[in-house]
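Subject: Structure handover

Hello,

Here is the structure I said I would pass on. Please open it first, then read my notes below.

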Amino acid sequence: MAGPPSHAHFPTPLSDYPPASPDGLLHTLSDRIAQDPANIVATGIFGLAILHTFLAPRVLALAHDIQHRADHDADAAGRPRQPAFLSEILHFVGEVEVVFGLWAVVLLAAATWARGWTLTKHYVNDTVNYTEPLFVVVIMALASTRPIIVLAEWAMGKVATLGRSTPAAWWFATLTIGPLLGSFITEPAAMTICALLLSRQFFDLNPSQRLKYATLGLLFVNVSIGGTLTHFAAPPILMVARPWGWDMWYVMSHFGWRTLLAVFGSALLYYTMFRAELQALATRPAVIDPEVPDADAVASGHGLLVPVPAWIIVVHCLFMAWTVVNSHYPALFIGGFLFFLGFVKATSACQAEVPLKSPLLVGFFLAGLVIHGGLQGWWIAPVLASLSETPLFFGAALLTAFNDNALITYLATLVPNLGEAAKMAVVEGAVTGGGLTVIANAPNPAGQAILGRFFGGAISPLSLAAAALLPTAVAVVCYRLIP
């Protein structure tokens with residue numbers, strides 16, 4: 001029995017498409033475009049948004065040049081300096097966090113023209129799931145608070161003492177132990193904590209640009225794969241755990257030791273490559289970073305010191321636990337966050353201001369991404385279904401570079417009769433490719449928002465991809481080549 005016409009839904013449900021064409025993948029995609037031409041329009045707009053992310057650093061540089069010229073002309077004429085209108089517009093357009101939101105406006109205009117406002121409104125309001133963007137806003141804000149940073153710095157400091165608490169020891173501890181926390185407190189929280197600690201203990205020492213990008217690439221890759229020790233914290237695993245019947249033991253036994261080997265192996269490789277510079281950082285004075293909450297000094301054997309009492313840290317941890325446990329229920333974790341803001345106000349003497357700008361921008365970034373991503377299943381699902389095990393691994397890794405990896409694994413659950421080896425391959429590929437771009441993994445925009453200022457305000461996509469290639473290759477070896 002034929003399904004409803006394609007124009008009755010937006011987007012066309014995957015179940016409404018005919019079976020895959022016997023003539024191959026290109027014919028299947030061509031048939032789907034013919035059935036619903038809106039597919040190619042939505043994907044074209046998504047492609048322009050991705051291109052925009054690659055051009056964003058150049059747009060920001062142009063904005064700075066225009067403002068610099070405007071300031072020079074004002075000084076020469078004896079006028080007070082004023083923000084240049086064109087510079088401000090370009091600066092806004094060049095912010096990576098707003099790119100997908102801007103192109104979502106174009107997408108919605110095109111959808112309204114093609115399908116009408118009723119179907120478009122239904123898609124944006126009822127079909128797209130904004131739980132992950134909302135969760136990232138809340139967990140990122142919680143993880144950025146002063147008591148949590150105090151606790152994280154104390155705990156990571158204990159590990160760093162094994163290396164005499166040098167910048168190199170902090171660097172290694174943060175890039176190994178920190179990402180593994182993503183399996184328990186969620187990847188966005190682990191990314192936020194790692195990025196804040198790296199900004200305090202490493203980036204403030206002004207390392208070379210090459211080492212900065214190596215650190216960022218390693219951070220993104222290790223956070224992406226570091227969430228694979230459990231079945232309940234990392235979105236790429238979470239998407240498949242219930243449909244495929246994966247429990248804690250299954251995930252730990254299939255991914256666990258390989259993940260540990262990849263995380264520590266990549267960090268050791270980069271430490272070996274940059275050993276001389278990492279050791280030299282111990283002689284450099286730190287540049288005070290006013291954007292990072294001040295973590296109190298921590299004692300050795302007696303735990304945390306005032307002015308942040310231990311009971312306040314415990315309460316913050318309980319709020320984080322509530323958020324993680326209820327991560328699929330926005331009404332509960334947003335309600336908990338409102339109570340949390342009241343608690344912060346009541347204990348303001350021991351608190352710093354809760355940072356909301358970066359979490360909100362990251363949430364906006366992810367919300368725009370899921371709006372676009374929800375319209376890409378028409379081509380991603382048949383691509384995944386057409387690949388055998390090894391090509392599926394590398395195909396998933398490549399697709400992840402241009403889509404959130406949780407979307408890739410979710411679409412894999414819609415592919416019928418996928419074998420167990422193929423299931424493993426698609427998840428391994430999705431997490432392996434999660435560090436290649438800012439959009440490859442949901443926590444990456446949080447890391448960019450925190451650390452972007454150390455890269456002149458704009459992170460080069462090509463430099464990031466190059467820096468992430470080595471740890472990505474290590475993950476490939478650990479997941480696919482070691483028996």
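Where does Arg 164 sit? Arg 164 is in the loop between α7 (146-160) and α8 (167-180). One caution before the rest: this is a predicted model.

**Backbone outliers**

I began with Arg 164 for its backbone. Its phi is positive, about 65°, although Arg 164 is not a glycine. Most residues other than glycine have a negative phi, and most peptide bonds are trans. Arg 164 counts as exposed because its relative accessibility is 74%, and the cut-off for exposed is over 50%.

Thr 186 also has a positive phi, about 80°, and is not a glycine. You will find Thr 186 in the loop between α9 (182-185) and α10 (187-201). Is Thr 186 buried or exposed? At 3% relative accessibility, Thr 186 counts as buried.

There is a cis peptide bond as well. It joins Phe 10 and Pro 11, with omega at about -5°. Pro 11 belongs to the segment before α1.

**Aromatic pairs**

The count comes to 20 aromatic pairs. Phe 10, from the cis bond, is in one of them: Phe 10 and Tyr 123 pair edge-to-face. Their centres are 5.4 Å apart, with 75° between the planes. The edge-to-face label applies because that angle is over 60 degrees.

Which parts of the chain does this pair link? Phe 10 is in the segment before α1 (25-35), and Tyr 123 is in helix α5 (residues 117-127). The two are 113 residues apart, so this pair links distant parts of the chain. Phe 10 is buried, at 9% relative accessibility. Tyr 123 is buried too, with a relative accessible area of 1%.

Next, take Phe 319 and Phe 340. This aromatic pair is also edge-to-face: 5.3 Å centre to centre, 75° between the planes. Phe 319 lies in helix α15 (residues 310-325) and Phe 340 in helix α16 (residues 330-346), so the pair ties together parts 21 residues apart in sequence. Phe 340 is buried at 0% relative accessible area. Phe 319, at 18% relative accessibility, still counts as buried because the cut-off is under 20%.

Rings also gather into a cluster. Ring pairs link Phe 202, Phe 203, Tyr 213, Phe 454 and Phe 455.

**Nonpolar cores**

In soluble globular proteins, nonpolar side chains tend to be buried together. How many residues does the largest nonpolar core have? It has 49 residues, and Leu 219 and Leu 451 have the most contacts inside it. Helix α11 (residues 209-226) gives the most to this core, with eight residues.

Leu 219 touches Leu 451. Leu 219 also touches Leu 175, Met 191, Cys 194 and Leu 198, with residues up to four places away in sequence not counted. A second, separate core has 42 residues. Among them are Tyr 17, Trp 244, Ile 408 and Ala 425.

**Helix packing: α4 and α5**

Helix α4 (residues 96-115) packs on α5 with the axes 7 Å apart. The angle is about 135°. Why is α4 called oblique to α5? The label is oblique because about 135° is outside the ranges for roughly parallel, roughly perpendicular and roughly antiparallel, the last being over 145.

From α4, the contact uses Leu 108, Ala 111, Thr 112 and Arg 115. From α5, it uses Trp 117, Leu 119, Thr 120 and Val 124. These residues divide into five nonpolar, two polar and one charged.

**Two more residues to look at**

Ala 467 is in helix α23 (residues 461-481). Ala 467 is buried, with a relative accessible area of 7%. Leaving aside neighbours within four places in sequence, Ala 467 is in contact with Tyr 213, Ala 214, Gly 217 and Tyr 270. Tyr 213 is also part of the ring cluster above. The C-alpha atoms of Ala 467 and Gly 435 are 9.4 Å apart, with their positions 32 residues apart along the chain.

Asp 31 is in helix α1. Asp 31 is partly exposed, with a relative accessible area of 40%. How far apart are the C-alpha atoms of Asp 31 and Gly 456? They are separated by 46 Å, and the two residues are 425 residues apart along the chain.

Best wishes

Key
Residues numbered from 1 in each chain as written. Predicted model: local features only at pLDDT ≥ 70, side-chain atom pairs only at ≥ 80, totals over all residues. Heavy atoms only, no water. Core = buried A, V, L, I, M, F, W, Y, C linked by side-chain atoms within 4.5 Å. Buried < 20%, exposed > 50% of the residue type's maximum accessible area, 1.4 Å probe, protein only. Helix = DSSP H or I, 4+ residues; strand = E, 2+ residues; numbered from the N terminus. Contact = heavy atoms within 4.5 Å. Phe/Tyr/Trp six-rings, centres within 6.5 Å; stacked < 30°, edge-to-face > 60°. Axes fitted to C-alpha atoms, helices over the stretch in contact; angles between N-to-C directions. Parallel < 35°, antiparallel > 145°, perpendicular 65-115°, else oblique. Nonpolar A, V, L, I, M, F, W, Y, C, P; charged D, E, K, R; others polar.
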